[in-house]
Amino acid sequence: MFERLHRVEAMLAAIPASLPLLALRLALAVPFFRSGLTKWDGFLQLSSGAKYLFQQEFKLHILGGQFAYPLPLVSASLAGIAEIVLPILLVLGLGTRFAAVAILAMTAVIQLTIPGGWANFHLPWAAMALALIVYGGGRLSLDALLAKRSAGSGGPATRPV
């Protein structure tokens, strides 16, 4: 019985780290990209819904108080741009660690805006972002391809997982 368990465990341990890292990149990119799509009615044209939410509904919950977003239309525009660009970078695996840091920061702001979402959304997003910050995009990423090219040219490179 234990021998079978050890064999199964060995098979699971043999899964290349690049596969779960790719899955993490995709899983983290999807909700942010979908949210970003809702913020636009055309190229750099904020949707009326995004304007309304950032101007009227969204509040930062800090130290027991509720505070309006500073510069709500600028905040909405920056959030909308980030929610489109950062997921694309994650899917490509380009600047993965930096994109994950930015998404972790966005997750913190979202947590301050919607404190009740921690267990269902924000904690998993934060965990995925932290894993990508620590491990990078893996071998199935443009980061790895660029590191390989850089290593071939004598430049510094990091070994992808």
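This passage walks through the predicted model, from its largest pocket to its charged pairs, its aromatic rings and a few single residues. Residues are numbered from 1 along each chain as its sequence is written, and side-chain values use heavy atoms, with hydrogens and water left out. As the model is predicted, local features need pLDDT of at least 70 and side-chain atom pairs count only at pLDDT 80 or more, while totals for chains, interfaces and linings use all residues.

A good place to start is the largest pocket, which has a volume of about 480 Å³. Pockets were sought on a 1 Å grid over the protein atoms alone, where a cavity is a set of points that a 1.4 Å probe fits but cannot leave, and a pocket is an open set with protein on both sides within 12 Å along at least five of seven lines. Grid points are joined across faces, edges and corners, and the volume is the space filled by probe spheres set on the points. Lining residues, those with an atom within 4 Å of a point, number 20 here, and the closest to the pocket centre are Phe54, Ala79, Glu83, Met106 and Ile110. The elements that give two or more residues to this lining are α2 (18-38), α4 (72-92), α5 (96-113) and α6 (118-135). Elements of this kind are DSSP runs numbered from the N terminus, with helices (H or I) of at least four residues and strands (E) of at least two. Helix α4 provides the largest share of the lining, 5 residues. By residue class, the lining of the largest pocket divides into 14 nonpolar, 4 polar and 2 charged residues. In this scheme Ala, Val, Leu, Ile, Met, Phe, Trp, Tyr, Cys and Pro are nonpolar, Asp, Glu, Lys and Arg are charged, and the others, Gly among them, are polar.

Glu83, one of the residues closest to the pocket centre, lies in helix α4 and also appears among the charged pairs. A salt bridge is a side-chain nitrogen of Lys or Arg within 4 Å of a carboxyl oxygen of Asp or Glu, and by this rule the count comes to 2. In one of them, Glu83 pairs with Lys39, with the closest N and O atoms 2.7 Å apart. This pair links distant parts of the chain, 44 residues apart, with Glu83 in helix α4 and Lys39 in the loop between α2 and α3 (48-57). Both Glu83 and Lys39 are buried; here buried means under 20% relative accessible area, exposed means over 50%, and partly exposed is in between (1.4 Å probe, protein chains only). For Glu83 the relative accessible area is 5%. The side chain of Glu83 also makes a polar contact with the side chain of Ser35 at 3.1 Å. Such a contact is a pair of N or O atoms within 3.5 Å; within protein, one must be able to donate a hydrogen and the other to accept it, and residues adjacent in sequence count only if both atoms are side-chain atoms. A salt bridge also joins the side chains of Glu3 and Arg7 (3.9 Å, N to O). These two residues both lie in helix α1 (residues 2-13), 4 residues apart, about one turn of the helix.

Turning to the rings, a search of the whole structure finds 5 aromatic pairs. Rings of Phe, Tyr and Trp (its six-membered ring) pair if their centres lie within 6.5 Å; planes under 30 degrees apart count as stacked, over 60 as edge-to-face and the rest as tilted. The rings of Phe32 and Trp125 have centres 4.9 Å apart and planes at 55°, so this pair is tilted. Phe32 in helix α2 and Trp125 in helix α6 are 93 residues apart, and their pair links distant parts of the chain. Both Phe32 and Trp125 are buried. Phe58 and Tyr69 also form a tilted pair, 6.2 Å centre to centre with 45° between the planes. Phe58 is in the loop between α3 and β1 (59-62), and Tyr69 is in the loop between β2 (65-68) and α4. Tyr69 is buried, with a relative accessible area of 12%. Phe32, Phe121 and Trp125 form one aromatic cluster.

Some loop residues complete the picture. Leu63, in the loop between β1 and β2, has a positive phi of about 50° although it is not a glycine, and at 89% relative accessibility Leu63 counts as exposed. Leu71, in the loop between β2 and α4, has a positive phi of about 45° and is likewise not a glycine. Leu71 is exposed, with a relative accessible area of 62%. Arg139, in the loop between α6 and α7 (142-152), counts as exposed at 52%. Arg139 and Ser18 are 121 residues apart in sequence and 5.5 Å apart in space, C-alpha to C-alpha.
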